[in-house]
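Me: I am new to reading protein models, and I would like a close look at a single part of this one. Could you walk me through one sheet and the helices around it, and then set that part beside the rest of the chain?

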Amino acid sequence: MNWLKRILVFPYLEAQDCVVRLLTRRVFTHTFLLMPGFESLRWRLGQLRAWRTFEYAAKHVPAYRAFLEDQGVQPRLDTRGGAGAAFSAVPPMDKESYIRRWSVTERSVKGRLPRRGVVVDESSGSSGTPTSWVRGPDERLATRQLLQVGFSRTSKTLTKQPFVLNAFSLGAWATGMNVSASLTEVTMIKSIGPDKDKIIATMKEFGPHYTYIITSYPPFLKSLFEDDRIEWDTYDVATAFGGEGISENMRALIMKNAYSAYGSYGASDLEINIAIETDFSVALRQAIARDPELSARLTKRSEYGVLPMIFQFNPFDYLMETNEQGELLVTITRRTNINPRLRYNIHDRGHVLRLRDLAPVLSEFGLDSLAKERQLDLPLLFLYGRSDMSLDFNGAVVAPDTVRDVVFADPALSARVENHRLISYEDVGGDRQLHIALQLVPGAADADEDAIGAQVFAAMRETNGDFSNAIRTSPEQMFPTLAVYPFRTGPFAQDGSKLKNEYVWTLDGAEVKSWGLRAGYAPPRDAN
(Lines give C-alpha, C1' and ligand atoms only; values in the text may rest on other atoms or scores of the structure.)
Protein backbone atom coordinates (compact mmCIF):
# COMPACT_ATOMS: atom_id res chain seq x y z
CA MET A 1 0.00 0.00 0.00
CA ASN A 2 2.75 2.42 -0.99
CA TRP A 3 0.23 4.89 -2.44
CA LEU A 4 -1.66 5.02 0.85
CA LYS A 5 1.53 5.93 2.70
CA ARG A 6 2.01 8.87 0.37
CA ILE A 7 -1.56 10.03 0.88
CA LEU A 8 -1.15 9.91 4.66
CA VAL A 9 2.49 10.89 5.16
CA PHE A 10 3.17 13.65 2.65
CA PRO A 11 0.31 15.99 3.74
CA TYR A 12 1.37 15.40 7.35
CA LEU A 13 4.93 16.46 6.50
CA GLU A 14 3.68 19.58 4.69
CA ALA A 15 1.60 20.58 7.73
CA GLN A 16 4.55 19.86 9.98
CA ASP A 17 6.80 22.07 7.84
CA CYS A 18 4.33 24.95 8.28
CA VAL A 19 4.48 24.55 12.05
CA VAL A 20 8.29 24.34 12.03
CA ARG A 21 8.56 27.49 9.89
CA LEU A 22 6.42 29.35 12.41
CA LEU A 23 8.42 28.10 15.38
CA THR A 24 11.81 28.83 13.83
CA ARG A 25 11.09 32.49 13.21
CA ARG A 26 12.52 33.20 16.65
CA VAL A 27 15.65 31.81 18.25
CA PHE A 28 13.80 30.80 21.44
CA THR A 29 11.20 28.68 19.67
CA HIS A 30 13.83 27.20 17.35
CA THR A 31 15.79 26.12 20.42
CA PHE A 32 12.60 24.56 21.77
CA LEU A 33 12.54 22.22 18.76
CA LEU A 34 15.96 20.89 19.79
CA MET A 35 14.95 20.01 23.34
CA PRO A 36 16.05 16.58 24.65
CA GLY A 37 13.87 13.51 24.40
CA PHE A 38 12.93 13.62 20.73
CA GLU A 39 16.04 12.22 19.02
CA SER A 40 14.21 9.14 17.69
CA LEU A 41 11.35 11.26 16.36
CA ARG A 42 13.73 13.64 14.59
CA TRP A 43 15.56 10.67 13.08
CA ARG A 44 12.35 9.10 11.78
CA LEU A 45 10.97 12.37 10.46
CA GLY A 46 14.28 13.05 8.72
CA GLN A 47 13.96 9.76 6.82
CA LEU A 48 10.38 10.57 5.80
CA ARG A 49 11.36 14.07 4.70
CA ALA A 50 14.21 12.62 2.62
CA TRP A 51 11.74 10.26 0.93
CA ARG A 52 9.38 13.13 0.14
CA THR A 53 12.23 15.32 -1.17
CA PHE A 54 13.45 12.49 -3.42
CA GLU A 55 10.07 12.04 -5.08
CA TYR A 56 9.57 15.80 -5.36
CA ALA A 57 12.97 16.25 -7.03
CA ALA A 58 12.35 13.27 -9.33
CA LYS A 59 9.17 14.95 -10.53
CA HIS A 60 10.18 18.62 -10.67
CA VAL A 61 13.97 18.79 -11.30
CA PRO A 62 14.92 18.10 -14.95
CA ALA A 63 18.52 17.13 -14.23
CA TYR A 64 17.53 14.77 -11.44
CA ARG A 65 14.94 13.06 -13.65
CA ALA A 66 17.62 12.50 -16.28
CA PHE A 67 20.09 11.34 -13.62
CA LEU A 68 17.65 8.70 -12.36
CA GLU A 69 16.90 7.55 -15.89
CA ASP A 70 20.63 7.09 -16.55
CA GLN A 71 20.88 5.03 -13.37
CA GLY A 72 17.79 2.96 -14.20
CA VAL A 73 16.07 4.03 -10.97
CA GLN A 74 12.33 4.59 -10.70
CA PRO A 75 11.18 8.07 -9.56
CA ARG A 76 9.12 6.54 -6.75
CA LEU A 77 10.42 4.51 -3.84
CA ASP A 78 8.99 1.25 -2.60
CA THR A 79 8.76 1.97 1.13
CA ARG A 80 7.11 -1.24 2.25
CA GLY A 81 10.28 -2.07 4.16
CA GLY A 82 10.47 1.43 5.64
CA ALA A 83 11.57 4.81 4.27
CA GLY A 84 15.12 4.39 5.56
CA ALA A 85 15.67 1.05 3.85
CA ALA A 86 13.99 2.27 0.64
CA PHE A 87 16.22 5.32 0.49
CA SER A 88 19.31 3.13 0.18
CA ALA A 89 18.18 2.41 -3.40
CA VAL A 90 18.62 6.07 -4.35
CA PRO A 91 21.83 6.46 -6.41
CA PRO A 92 24.51 8.66 -4.81
CA MET A 93 25.50 11.85 -6.61
CA ASP A 94 28.68 13.92 -6.53
CA LYS A 95 30.22 16.84 -8.37
CA GLU A 96 31.51 14.70 -11.23
CA SER A 97 28.43 12.55 -11.81
CA TYR A 98 25.79 15.23 -11.31
CA ILE A 99 26.91 18.83 -10.79
CA ARG A 100 29.21 19.04 -13.82
CA ARG A 101 26.88 17.15 -16.14
CA TRP A 102 23.95 19.55 -15.94
CA SER A 103 23.62 23.33 -15.78
CA VAL A 104 22.52 25.24 -12.71
CA THR A 105 19.04 25.83 -14.13
CA GLU A 106 18.62 22.17 -15.11
CA ARG A 107 19.48 21.22 -11.52
CA SER A 108 16.86 23.65 -10.20
CA VAL A 109 13.25 22.96 -9.30
CA LYS A 110 11.11 23.23 -12.47
CA GLY A 111 14.24 24.01 -14.46
CA ARG A 112 14.44 27.67 -13.55
CA LEU A 113 15.81 30.01 -10.90
CA PRO A 114 13.58 32.37 -8.91
CA ARG A 115 13.77 36.00 -9.99
CA ARG A 116 14.30 37.23 -6.43
CA GLY A 117 15.93 36.12 -3.22
CA VAL A 118 18.66 33.95 -4.78
CA VAL A 119 22.25 34.34 -3.59
CA VAL A 120 25.13 32.87 -5.59
CA ASP A 121 28.45 31.94 -4.05
CA GLU A 122 31.27 29.86 -5.47
CA SER A 123 34.06 27.43 -4.77
CA SER A 124 36.96 26.57 -7.03
CA GLY A 125 38.23 23.58 -5.05
CA SER A 126 41.16 21.79 -6.61
CA SER A 127 39.87 21.77 -10.18
CA GLY A 128 40.63 25.40 -10.91
CA THR A 129 37.22 25.90 -12.51
CA PRO A 130 34.91 27.85 -10.17
CA THR A 131 31.60 26.18 -9.34
CA SER A 132 28.63 28.42 -8.57
CA TRP A 133 26.15 27.40 -5.90
CA VAL A 134 22.69 28.98 -5.75
CA ARG A 135 20.76 29.36 -2.52
CA GLY A 136 17.12 30.33 -2.37
CA PRO A 137 15.22 32.22 0.34
CA ASP A 138 14.13 29.17 2.35
CA GLU A 139 17.54 27.55 2.60
CA ARG A 140 19.22 30.87 3.39
CA LEU A 141 16.66 31.36 6.14
CA ALA A 142 17.41 27.90 7.53
CA THR A 143 21.16 28.61 7.52
CA ARG A 144 20.60 31.97 9.17
CA GLN A 145 18.44 30.44 11.89
CA LEU A 146 20.98 27.71 12.67
CA LEU A 147 23.81 30.24 12.95
CA GLN A 148 21.68 32.46 15.16
CA VAL A 149 20.78 29.55 17.44
CA GLY A 150 24.46 28.67 17.77
CA PHE A 151 25.31 32.30 18.45
CA SER A 152 22.59 32.58 21.09
CA ARG A 153 24.02 29.55 22.92
CA THR A 154 27.41 31.28 23.05
CA SER A 155 26.10 34.74 23.94
CA LYS A 156 24.12 33.45 26.94
CA THR A 157 27.39 32.80 28.79
CA LEU A 158 28.83 36.26 28.12
CA THR A 159 29.04 39.04 30.68
CA LYS A 160 29.88 41.71 28.11
CA GLN A 161 28.17 42.79 24.91
CA PRO A 162 29.21 40.47 22.06
CA PHE A 163 31.04 41.88 19.03
CA VAL A 164 31.59 39.45 16.15
CA LEU A 165 34.70 39.94 14.03
CA ASN A 166 34.16 37.89 10.88
CA ALA A 167 37.63 36.91 9.66
CA PHE A 168 36.56 34.33 7.09
CA SER A 169 37.47 35.14 3.49
CA LEU A 170 34.93 37.54 2.05
CA GLY A 171 33.68 37.99 -1.51
CA ALA A 172 32.12 35.08 -3.37
CA TRP A 173 33.19 32.43 -0.85
CA ALA A 174 30.24 30.88 0.94
CA THR A 175 31.23 30.94 4.61
CA GLY A 176 32.24 34.57 5.05
CA MET A 177 29.25 35.86 3.15
CA ASN A 178 26.74 33.69 5.03
CA VAL A 179 28.18 34.50 8.46
CA SER A 180 27.83 38.22 7.79
CA ALA A 181 24.30 37.92 6.38
CA SER A 182 23.13 35.63 9.18
CA LEU A 183 24.39 37.43 12.27
CA THR A 184 23.83 41.06 11.33
CA GLU A 185 20.33 41.17 12.79
CA VAL A 186 21.23 39.59 16.15
CA THR A 187 24.56 41.14 17.11
CA MET A 188 27.22 43.71 16.45
CA ILE A 189 29.43 42.48 13.62
CA LYS A 190 32.34 43.72 11.54
CA SER A 191 33.26 41.71 8.44
CA ILE A 192 37.01 42.11 8.17
CA GLY A 193 38.30 39.02 6.43
CA PRO A 194 41.56 37.31 7.45
CA ASP A 195 43.46 40.52 8.15
CA LYS A 196 45.34 40.58 11.47
CA ASP A 197 46.16 44.28 11.22
CA LYS A 198 42.51 45.29 10.90
CA ILE A 199 41.34 42.95 13.64
CA ILE A 200 43.92 44.27 16.10
CA ALA A 201 43.17 47.87 15.10
CA THR A 202 39.44 47.29 15.63
CA MET A 203 39.92 45.74 19.06
CA LYS A 204 42.17 48.59 20.14
CA GLU A 205 39.68 51.15 18.82
CA PHE A 206 36.64 49.66 20.62
CA GLY A 207 38.57 48.59 23.69
CA PRO A 208 38.07 45.75 26.19
CA HIS A 209 34.40 46.57 26.83
CA TYR A 210 33.10 43.79 24.57
CA THR A 211 33.44 40.06 24.19
CA TYR A 212 34.99 39.63 20.77
CA ILE A 213 33.80 36.52 18.93
CA ILE A 214 36.33 35.95 16.16
CA THR A 215 35.37 33.58 13.34
CA SER A 216 37.95 32.24 10.89
CA TYR A 217 40.08 29.29 9.81
CA PRO A 218 42.14 27.57 12.55
CA PRO A 219 45.60 28.53 11.23
CA PHE A 220 44.62 32.18 11.10
CA LEU A 221 43.27 32.13 14.65
CA LYS A 222 46.44 30.56 16.00
CA SER A 223 48.59 33.10 14.14
CA LEU A 224 46.42 35.98 15.37
CA PHE A 225 46.90 35.04 19.02
CA GLU A 226 50.64 34.86 18.55
CA ASP A 227 50.70 38.54 17.60
CA ASP A 228 52.18 40.56 20.46
CA ARG A 229 50.86 43.94 19.32
CA ILE A 230 47.88 43.52 21.63
CA GLU A 231 47.65 42.53 25.29
CA TRP A 232 45.31 39.58 24.95
CA ASP A 233 44.88 39.20 28.71
CA THR A 234 42.93 42.46 28.84
CA TYR A 235 40.32 41.29 26.29
CA ASP A 236 37.52 38.71 26.42
CA VAL A 237 37.69 36.59 23.28
CA ALA A 238 35.76 33.59 21.98
CA THR A 239 36.40 31.87 18.67
CA ALA A 240 34.52 29.81 16.09
CA PHE A 241 36.26 28.11 13.19
CA GLY A 242 35.50 26.21 10.00
CA GLY A 243 37.09 25.15 6.74
CA GLU A 244 39.28 22.46 8.27
CA GLY A 245 39.77 20.50 11.46
CA ILE A 246 42.23 21.08 14.26
CA SER A 247 44.24 18.97 16.64
CA GLU A 248 43.54 19.22 20.34
CA ASN A 249 47.04 20.66 20.67
CA MET A 250 46.11 23.54 18.38
CA ARG A 251 42.82 24.04 20.24
CA ALA A 252 44.76 24.33 23.48
CA LEU A 253 47.10 26.91 21.92
CA ILE A 254 44.13 28.99 20.73
CA MET A 255 42.47 28.76 24.12
CA LYS A 256 45.44 30.31 25.87
CA ASN A 257 43.94 33.62 24.74
CA ALA A 258 40.33 32.64 24.04
CA TYR A 259 37.99 30.90 26.42
CA SER A 260 36.29 28.86 23.70
CA ALA A 261 37.16 27.38 20.31
CA TYR A 262 34.38 25.50 18.55
CA GLY A 263 34.21 24.35 14.96
CA SER A 264 31.42 23.69 12.51
CA TYR A 265 31.20 21.37 9.53
CA GLY A 266 29.83 22.38 6.17
CA ALA A 267 30.70 22.70 2.50
CA SER A 268 29.92 24.99 -0.41
CA ASP A 269 28.51 21.94 -2.23
CA LEU A 270 25.95 21.51 0.55
CA GLU A 271 25.47 24.15 3.24
CA ILE A 272 27.59 25.75 5.93
CA ASN A 273 27.01 24.82 9.56
CA ILE A 274 25.57 21.37 8.86
CA ALA A 275 27.05 20.12 12.13
CA ILE A 276 28.65 21.83 15.13
CA GLU A 277 31.09 21.07 17.90
CA THR A 278 29.61 21.20 21.38
CA ASP A 279 31.02 20.88 24.90
CA PHE A 280 29.97 17.24 24.80
CA SER A 281 31.51 16.41 21.41
CA VAL A 282 34.79 18.12 22.32
CA ALA A 283 34.96 16.31 25.67
CA LEU A 284 34.28 13.01 23.92
CA ARG A 285 37.02 13.69 21.35
CA GLN A 286 39.51 14.47 24.09
CA ALA A 287 38.57 11.26 25.92
CA ILE A 288 39.11 9.28 22.73
CA ALA A 289 42.50 10.95 22.20
CA ARG A 290 43.57 9.81 25.68
CA ASP A 291 42.29 6.23 25.53
CA PRO A 292 43.29 3.92 22.63
CA GLU A 293 40.75 1.30 23.70
CA LEU A 294 37.89 3.81 23.62
CA SER A 295 39.18 5.05 20.28
CA ALA A 296 39.14 1.51 18.90
CA ARG A 297 35.53 1.03 20.02
CA LEU A 298 34.16 4.26 18.59
CA THR A 299 36.37 5.39 15.73
CA LYS A 300 38.28 4.28 12.64
CA ARG A 301 41.41 6.10 13.74
CA SER A 302 43.59 3.02 13.26
CA GLU A 303 42.33 2.73 9.67
CA TYR A 304 42.62 6.36 8.64
CA GLY A 305 45.43 7.47 10.94
CA VAL A 306 43.49 10.57 11.99
CA LEU A 307 41.77 11.58 15.21
CA PRO A 308 38.30 12.48 13.91
CA MET A 309 36.60 15.76 14.50
CA ILE A 310 33.31 15.07 16.30
CA PHE A 311 30.19 17.15 15.67
CA GLN A 312 26.49 16.99 16.46
CA PHE A 313 23.83 17.47 13.78
CA ASN A 314 20.06 17.61 13.45
CA PRO A 315 18.77 14.51 11.58
CA PHE A 316 15.50 16.32 10.92
CA ASP A 317 17.34 18.51 8.37
CA TYR A 318 20.21 16.25 7.28
CA LEU A 319 20.20 12.54 6.57
CA MET A 320 23.77 11.24 6.82
CA GLU A 321 24.91 7.82 5.64
CA THR A 322 28.23 6.11 4.96
CA ASN A 323 28.97 4.17 1.80
CA GLU A 324 31.18 1.08 1.47
CA GLN A 325 34.25 3.27 0.95
CA GLY A 326 33.66 5.03 4.27
CA GLU A 327 32.51 8.26 2.59
CA LEU A 328 29.65 10.41 3.83
CA LEU A 329 26.46 10.63 1.78
CA VAL A 330 24.49 13.73 2.79
CA THR A 331 20.86 14.43 1.98
CA ILE A 332 19.37 17.84 2.72
CA THR A 333 15.85 16.78 3.67
CA ARG A 334 14.16 20.16 3.10
CA ARG A 335 11.91 20.09 0.04
CA THR A 336 12.21 23.85 -0.47
CA ASN A 337 15.87 23.97 -1.59
CA ILE A 338 16.02 25.15 -5.20
CA ASN A 339 18.96 22.82 -6.01
CA PRO A 340 18.21 19.54 -4.14
CA ARG A 341 21.06 17.36 -2.87
CA LEU A 342 20.22 13.70 -2.31
CA ARG A 343 22.84 11.24 -1.09
CA TYR A 344 25.50 13.74 -2.14
CA ASN A 345 29.04 12.41 -1.83
CA ILE A 346 31.42 15.25 -1.03
CA HIS A 347 34.20 12.66 -0.62
CA ASP A 348 34.71 13.19 3.08
CA ARG A 349 35.35 10.16 5.26
CA GLY A 350 32.99 9.86 8.18
CA HIS A 351 30.27 7.98 10.01
CA VAL A 352 27.37 8.65 12.36
CA LEU A 353 26.81 7.40 15.91
CA ARG A 354 23.48 7.79 17.68
CA LEU A 355 23.48 8.68 21.36
CA ARG A 356 21.53 5.55 22.28
CA ASP A 357 24.43 3.47 20.91
CA LEU A 358 27.07 5.62 22.59
CA ALA A 359 25.58 5.50 26.11
CA PRO A 360 26.47 1.85 26.94
CA VAL A 361 30.04 2.35 25.70
CA LEU A 362 30.50 5.38 27.97
CA SER A 363 29.17 3.38 30.90
CA GLU A 364 31.51 0.49 30.12
CA PHE A 365 34.51 2.85 30.18
CA GLY A 366 33.37 4.62 33.36
CA LEU A 367 32.55 7.84 31.52
CA ASP A 368 28.97 8.37 32.67
CA SER A 369 30.02 11.81 33.92
CA LEU A 370 30.87 12.74 30.35
CA ALA A 371 27.20 12.53 29.44
CA LYS A 372 26.56 15.46 31.77
CA GLU A 373 28.30 17.65 29.19
CA ARG A 374 25.54 16.79 26.72
CA GLN A 375 23.09 19.61 26.13
CA LEU A 376 21.79 18.69 22.68
CA ASP A 377 19.91 15.46 22.10
CA LEU A 378 21.48 15.04 18.66
CA PRO A 379 23.51 12.27 16.98
CA LEU A 380 27.25 12.50 16.44
CA LEU A 381 29.19 12.86 13.21
CA PHE A 382 32.76 11.52 13.18
CA LEU A 383 34.73 13.24 10.41
CA TYR A 384 38.19 12.08 9.21
CA GLY A 385 38.85 14.47 6.33
CA ARG A 386 38.88 14.12 2.56
CA SER A 387 38.82 10.70 0.96
CA ASP A 388 39.94 11.77 -2.50
CA MET A 389 43.66 12.08 -1.65
CA SER A 390 43.51 15.81 -1.01
CA LEU A 391 44.64 17.97 1.88
CA ASP A 392 43.28 21.13 3.44
CA PHE A 393 45.44 24.22 3.61
CA ASN A 394 43.99 27.25 5.42
CA GLY A 395 40.50 26.45 4.16
CA ALA A 396 41.57 25.49 0.61
CA VAL A 397 41.57 21.97 -0.82
CA VAL A 398 44.87 20.93 -2.41
CA ALA A 399 45.00 17.71 -4.43
CA PRO A 400 48.11 15.83 -5.62
CA ASP A 401 46.65 15.76 -9.13
CA THR A 402 47.12 19.54 -9.20
CA VAL A 403 50.88 19.08 -8.72
CA ARG A 404 50.92 16.30 -11.30
CA ASP A 405 49.22 18.49 -13.91
CA VAL A 406 51.65 21.35 -13.27
CA VAL A 407 54.67 19.08 -13.58
CA PHE A 408 53.48 17.40 -16.75
CA ALA A 409 52.50 20.71 -18.35
CA ASP A 410 56.24 21.45 -18.72
CA PRO A 411 58.09 18.77 -20.75
CA ALA A 412 61.45 19.80 -19.36
CA LEU A 413 60.23 19.51 -15.77
CA SER A 414 58.30 16.27 -16.29
CA ALA A 415 61.40 14.69 -17.81
CA ARG A 416 63.27 15.25 -14.56
CA VAL A 417 60.57 14.47 -11.96
CA GLU A 418 59.89 10.84 -11.08
CA ASN A 419 57.17 11.30 -8.50
CA HIS A 420 55.49 13.82 -6.21
CA ARG A 421 53.82 13.80 -2.83
CA LEU A 422 51.74 16.13 -0.67
CA ILE A 423 52.76 15.96 2.98
CA SER A 424 50.84 17.48 5.88
CA TYR A 425 52.29 17.68 9.37
CA GLU A 426 52.06 19.68 12.58
CA ASP A 427 55.36 21.29 13.57
CA VAL A 428 56.72 21.81 17.08
CA GLY A 429 54.87 25.14 17.33
CA GLY A 430 51.54 23.46 16.67
CA ASP A 431 51.22 24.88 13.15
CA ARG A 432 49.80 22.69 10.41
CA GLN A 433 52.24 22.67 7.48
CA LEU A 434 51.82 21.68 3.84
CA HIS A 435 54.91 20.38 2.05
CA ILE A 436 55.21 19.45 -1.62
CA ALA A 437 57.93 16.89 -2.26
CA LEU A 438 59.27 16.21 -5.77
CA GLN A 439 61.45 13.17 -6.45
CA LEU A 440 63.97 13.42 -9.26
CA VAL A 441 64.42 10.64 -11.78
CA PRO A 442 67.41 8.30 -11.26
CA GLY A 443 70.68 9.95 -12.13
CA ALA A 444 69.25 13.46 -12.42
CA ALA A 445 71.60 16.23 -11.38
CA ASP A 446 70.73 18.70 -8.64
CA ALA A 447 67.82 20.94 -9.58
CA ASP A 448 67.26 24.66 -9.10
CA GLU A 449 64.81 24.26 -6.24
CA ASP A 450 63.81 27.92 -6.04
CA ALA A 451 63.07 28.15 -9.76
CA ILE A 452 61.00 24.95 -9.70
CA GLY A 453 59.17 26.05 -6.56
CA ALA A 454 58.32 29.42 -8.06
CA GLN A 455 57.08 27.75 -11.23
CA VAL A 456 54.94 25.14 -9.45
CA PHE A 457 53.34 27.51 -6.96
CA ALA A 458 52.61 30.12 -9.63
CA ALA A 459 50.82 27.52 -11.74
CA MET A 460 48.90 26.10 -8.76
CA ARG A 461 47.76 29.56 -7.72
CA GLU A 462 46.65 30.34 -11.24
CA THR A 463 44.46 27.25 -11.46
CA ASN A 464 43.15 27.21 -7.88
CA GLY A 465 41.80 30.52 -6.60
CA ASP A 466 41.10 29.12 -3.13
CA PHE A 467 44.73 28.02 -2.78
CA SER A 468 46.05 31.41 -3.90
CA ASN A 469 43.75 33.16 -1.45
CA ALA A 470 44.84 30.78 1.33
CA ILE A 471 48.49 31.75 0.82
CA ARG A 472 47.65 35.47 0.84
CA THR A 473 45.80 35.10 4.14
CA SER A 474 48.15 32.65 5.85
CA PRO A 475 50.84 33.69 8.35
CA GLU A 476 54.34 33.49 6.86
CA GLN A 477 55.52 30.69 9.14
CA MET A 478 52.75 28.52 7.69
CA PHE A 479 53.36 29.16 3.98
CA PRO A 480 53.45 25.91 1.98
CA THR A 481 56.90 24.71 0.97
CA LEU A 482 58.40 22.71 -1.88
CA ALA A 483 61.60 20.71 -1.88
CA VAL A 484 63.30 18.58 -4.52
CA TYR A 485 64.81 15.24 -3.44
CA PRO A 486 67.25 13.01 -5.32
CA PHE A 487 65.89 9.61 -6.30
CA ARG A 488 64.94 7.35 -3.36
CA THR A 489 65.94 9.85 -0.68
CA GLY A 490 64.02 11.74 1.99
CA PRO A 491 60.29 10.94 1.92
CA PHE A 492 60.85 8.74 -1.15
CA ALA A 493 63.48 6.52 0.48
CA GLN A 494 61.21 3.48 0.61
CA ASP A 495 59.36 4.01 -2.67
CA GLY A 496 59.00 0.89 -4.73
CA SER A 497 58.21 -1.32 -1.74
CA LYS A 498 54.45 -1.00 -2.36
CA LEU A 499 52.38 -1.84 -5.40
CA LYS A 500 50.86 1.63 -5.68
CA ASN A 501 52.40 5.05 -5.28
CA GLU A 502 51.38 7.12 -2.26
CA TYR A 503 50.56 10.70 -3.13
CA VAL A 504 49.38 12.04 0.25
CA TRP A 505 50.98 11.68 3.67
CA THR A 506 49.98 12.96 7.10
CA LEU A 507 52.92 12.80 9.51
CA ASP A 508 53.55 13.54 13.15
CA GLY A 509 56.59 15.44 14.44
CA ALA A 510 58.80 12.39 14.94
CA GLU A 511 58.09 11.12 11.44
CA VAL A 512 59.01 14.48 9.95
CA LYS A 513 62.50 14.15 11.39
CA SER A 514 62.87 10.53 10.38
CA TRP A 515 61.96 11.26 6.77
CA GLY A 516 64.41 14.16 6.53
CA LEU A 517 62.02 16.79 5.17
CA ARG A 518 63.68 20.08 4.23
CA ALA A 519 62.24 23.56 4.39
CA GLY A 520 62.75 24.11 0.68
CA TYR A 521 61.12 26.97 -1.21
CA ALA A 522 58.17 29.00 0.09
CA PRO A 523 56.12 31.23 -2.26
CA PRO A 524 55.70 34.98 -1.78
CA ARG A 525 52.45 36.18 -0.25
CA ASP A 526 51.20 37.75 -3.48
CA ALA A 527 51.19 35.83 -6.75
CA ASN A 528 53.51 37.16 -9.43
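Reply: What follows takes one sheet and its helices first, and then turns to other parts of the chain for context.

Please keep in mind throughout that this is a predicted model.

The sheet is an open one built from four strands, and reading across it gives the order E18-E17-E16-E19, with mixed pairing. Its edges are strand E18, covering 481-485, and strand E19, covering 504-507, each of which pairs on one side only. Going from one strand to the next, the twist averages 25°. As a general point, the strands of a sheet pair through backbone hydrogen bonds, and the pairing can be parallel or antiparallel. Strand E17, residues 432-440, pairs with E18 in the parallel sense over five bridges, and within these two strands His435 stands opposite Thr481 of E18.

Two helices help to place this sheet. Helix H18, residues 449-463, lies across E17 and E18, and its direction makes an angle of about 130° with E18. Helix H16, residues 400-409, has as its buried residues Pro400, Thr402, Val403, Val406 and Val407. Seen down the axis of H16, these buried residues fall within an arc of 155°, so they line one face of the helix. It helps to recall that an α-helix has 3.6 residues a turn, so residues three or four places apart point the same way. On the other side of H16, by contrast, Phe408 and Ala409 are exposed. The buried residues of H16 pack against several elements, namely strand E15 (396-398), helix H17 (411-414), strand E16 (417-426), E17, H18 and E19.

Now for the nonpolar cores. In soluble globular proteins, nonpolar side chains tend to be buried together. The largest nonpolar core of this model has 71 residues, and the members that touch the most others are Tyr64, Tyr98, Ile199, Met203 and Ile214. Helix H3, residues 39-60, gives the most to that core, with eight residues. A second, separate core of 25 residues includes Ile471, Phe479, Leu482 and Val484. Returning to Tyr64, and leaving aside its neighbours within four places in sequence, its contacts are Phe54, Ala57, Ala58, Val90, Met93, Tyr98 and Leu342.

A further set of paired strands makes a useful companion to the sheet described above. Strand E5, residues 210-216, and strand E6, residues 236-241, are parallel partners over six bridges, and Ile214 has Thr239 in E6 as its bridge partner. Between E5 and E6 the chain passes through helix H10, residues 218-225, in a β-α-β crossover that is right-handed. E6 is also joined by three bridges to strand E7, residues 261-265, and these two run parallel, with Ala240 opposite Tyr262 in E7.

Finally, two single residues show how surroundings can be described. Thr211, found in strand E5, counts as buried because its relative accessibility is 1%, and buried means under 20%. Not counting residues up to four places away in sequence, Thr211 touches Leu158, Lys160, Gln161, Pro162, Phe163, Asp236 and Tyr259. Ser40, which lies in helix H3, counts as partly exposed because its relative accessibility is 45%. With the residues up to four places away in sequence again left out, Ser40 touches Arg354 and Arg356.

Technical notes:
Residues numbered from 1 in each chain as written. Predicted model: local features only at pLDDT ≥ 70, side-chain atom pairs only at ≥ 80, totals over all residues. Heavy atoms only, no water. Pairing = 2+ DSSP bridges. Axes fitted to C-alpha atoms, helices over the stretch in contact; angles between N-to-C directions. Contact = heavy atoms within 4.5 Å. Core = buried A, V, L, I, M, F, W, Y, C linked by side-chain atoms within 4.5 Å. Buried < 20%, exposed > 50% of the residue type's maximum accessible area, 1.4 Å probe, protein only. Right-handed = clockwise from strand over helix to strand, strands pointing away. Arc of directions from axis to C-beta.
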